Amino acid sequence: MFNTDKVNSSKNNLFIALFGIFFLIVSSSCTDQNKTLSIPEDYNATNFITSATTELAVLNQLDNLVSEMKKGRSVDNNLEKVVLQNLYQAGSPSLADITTTYYDSKINGLTGFFTELEKAAGNEYNPATPNETGGVYGSYLFNQYGLEPEQQVEKGIFAAALYNHFVRLTKTEFSENTVHQMAAIMGLNPSFPSSNNATLHSNPDRFAAVYVARRDKNDRNGFYSILKKEFIRLQAAVNQGSDFNDERDEAIETIKQTWEKAILATVINYSYATIATLSSTSPTDVQKASALHAYGEAVGFLHGWKTIAQADKVITDAQIDALLVLLNAPSNGNPTSYLFITDATNQLPKLLDVISEIQGIYDFTSADLEDFKKNWVSEQSR
């Protein structure tokens, strides 16, 4: 006789077994989903120097290049393109290696900024009567169009080389070493001093990090504070494994956008500074040159972002081009920077348009714009 009790018993056992497996799967899934990233209060700087040897060497290379270019600020000194090229191409990787192809051509092309520096050095310049070589005006070296090649190299490199290298690091296999490298290429020290004051801090900020700090009024909500928080979160996520890849990626995206916003906020800062000086009553040549220097920094800070992949920045290349036109420094033509000196009444309103356009791109508030006018590191003597 067919034993239905045994069949029913087998079915029950099978059901219980399947239910048990299902429970284990759901339980395991819930456990994974409920894992919480443990975030420490401070960034762990262990092995920072040894991990970021390459990035720190690149920053030192940039230091050397900037020091050489600054010699041209004195009319008594000449600059040699070959010397500048050697400094730019030294090391492995070199600054040239990590700079976008587009901006490398602007720096080192046949008619690039190095050529302009060599051509202008040793001459004098006055934007009221432009010459064919450029030269020293006030305390700075300008090309024949009134744009400062030194600032186009240095400030453009912040995005075209340093940020570009940062982005490349985000696409590599991650370890804690990678996090150190990402912080280093930005010019951050893991002590997060929020200052470039070497008198007050044994490890001050450098390069891009300097300007992030200047745009942060130290209320724990600013750009620099966000970077510190996100680098600590990024390090924690990497160290605690693949369960926290989402947190890792979120931290990276926030760092990228914060870096970009802080630098474009600095374009706003220098635009305001240029307007303030050149709209004042009877500015001296020294003041005019200082304003043209601030303006040149703004152009360099902006231009370096061109051709960074759109997935890795907020601003578009079309927006960059439009802003450069407003700045009288089109990416595909000769600048007319001197007009901000010779025709200030008609030209300075363009800088207000630049400020307004950048505000719209990044949703900066009116209060933000007021804050961006200040160098908070100097204001707070920190």
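**Group meeting: rings, a core and some odd backbone**

Okay, let me start with a ring and a charge: the charged end of arginine 248 sits over the ring of phenylalanine 174, 5.1 Å from the ring centre. There is another one of these, with lysine 373 lying over the face of tyrosine 272 at 4.7 Å from the ring centre.

Before going on, a reminder that what you have on screen is a predicted model. Average pLDDT for the chain is 93, and 91% of the residues score at least 70. There are stretches to be wary of, though. Residues 14-19 have pLDDT below 50, and that stretch has zero contacts in the model beyond near neighbours in sequence. Residues 21-32 also stay under 50, again with zero contacts beyond four places in sequence. I'll leave those alone today.

Back to rings. How many aromatic pairs do we count? The count comes to 21. Let me show you one of them, tyrosine 211 with phenylalanine 301. The centres are 5.0 Å apart and the planes make an angle of 70°, so with anything over 60 counted as edge-to-face, that's what we call this pair. Now look at where the partners come from: tyrosine 211 is in helix α10, residues 208-214, and phenylalanine 301 is in helix α13, residues 285-303. They are 90 residues apart in sequence, so this pair ties together distant parts of the chain. Both tyrosine 211 and phenylalanine 301 are buried.

Phenylalanine 301 has another ring partner, tyrosine 270. Here the pair is stacked, at 6.3 Å centre to centre with 15° between the planes. It's a link between distant parts of the chain too, with tyrosine 270 in helix α12, residues 245-278, and phenylalanine 301 in α13, 31 residues apart. Buried or exposed, for tyrosine 270? Buried, because its relative accessibility is 10% and the cut-off for buried is under 20%. Phenylalanine 301 comes out at 0%.

Put these together and you get one aromatic cluster, made of Phe158, Phe207, Tyr211, Tyr270 and Phe301.

Stay in that neighbourhood and find threonine 266, which is also in α12. Threonine 266 is buried at 0% relative accessibility. What does threonine 266 touch, leaving out residues up to four places away in sequence? The answer is Tyr211, Arg215 and Phe301, and two of those names you've just heard as an edge-to-face pair. With arginine 215 there is a polar contact, side chain to side chain, at 3.1 Å.

Now the core. The largest nonpolar core has 110 residues, and those with the most contacts inside it are Ile157, Leu162, Phe231, Leu234 and Trp259. Which helix gives the largest share? That's α12 again, with 14 residues. If you want a way in, click on leucine 162: beyond four places in sequence, its contacts are Val58, Leu59, Leu62, Ile157, Ile185, Phe207 and Trp259. Phe207 you'll recognise from the aromatic cluster.

Next, helix α16, residues 344-362, where we find isoleucine 355. Isoleucine 355 counts as buried, at 3% relative accessibility. Past its sequence neighbours, isoleucine 355 touches Ile268, Ser271, Tyr272, Ile275 and Leu369. Tyrosine 272, remember, is the ring with lysine 373 over its face.

For contrast, go out to glutamate 173, in the loop between α8 (149-170) and α9 (176-185). Glutamate 173 is exposed, with a relative accessible area of 75%.

Last bit, the backbone. Most residues other than glycine have a negative phi, and most peptide bonds are trans. So here are some exceptions to look at. Serine 92 and proline 93 are joined by a cis peptide bond, with omega about 0°. Proline 93 is in the loop between α4 (81-89) and α5 (95-98).

Then phenylalanine 192, not a glycine, yet its phi is positive at about 50°. Phenylalanine 192 lies in the loop between α9 and α10 and is buried at 8% relative accessibility. Arginine 220 also has a positive phi, near 75°. That residue is in the loop between α10 and α11 (223-239). Buried or exposed, for arginine 220? Exposed, with a relative accessible area of 76%.

That's my tour, so let's discuss.

How values were computed:
Residues numbered from 1 in each chain as written. Predicted model: local features only at pLDDT ≥ 70, side-chain atom pairs only at ≥ 80, totals over all residues. Heavy atoms only, no water. Phe/Tyr/Trp six-rings, centres within 6.5 Å; stacked < 30°, edge-to-face > 60°. Helix = DSSP H or I, 4+ residues; strand = E, 2+ residues; numbered from the N terminus. Buried < 20%, exposed > 50% of the residue type's maximum accessible area, 1.4 Å probe, protein only. Lys NZ or Arg CZ within 6 Å of the ring centre and 35° of its normal. pLDDT = per-residue confidence, 0-100. Contact = heavy atoms within 4.5 Å. Polar contact = N/O pair within 3.5 Å; in protein donor to acceptor, adjacent residues only side chain to side chain. Core = buried A, V, L, I, M, F, W, Y, C linked by side-chain atoms within 4.5 Å.
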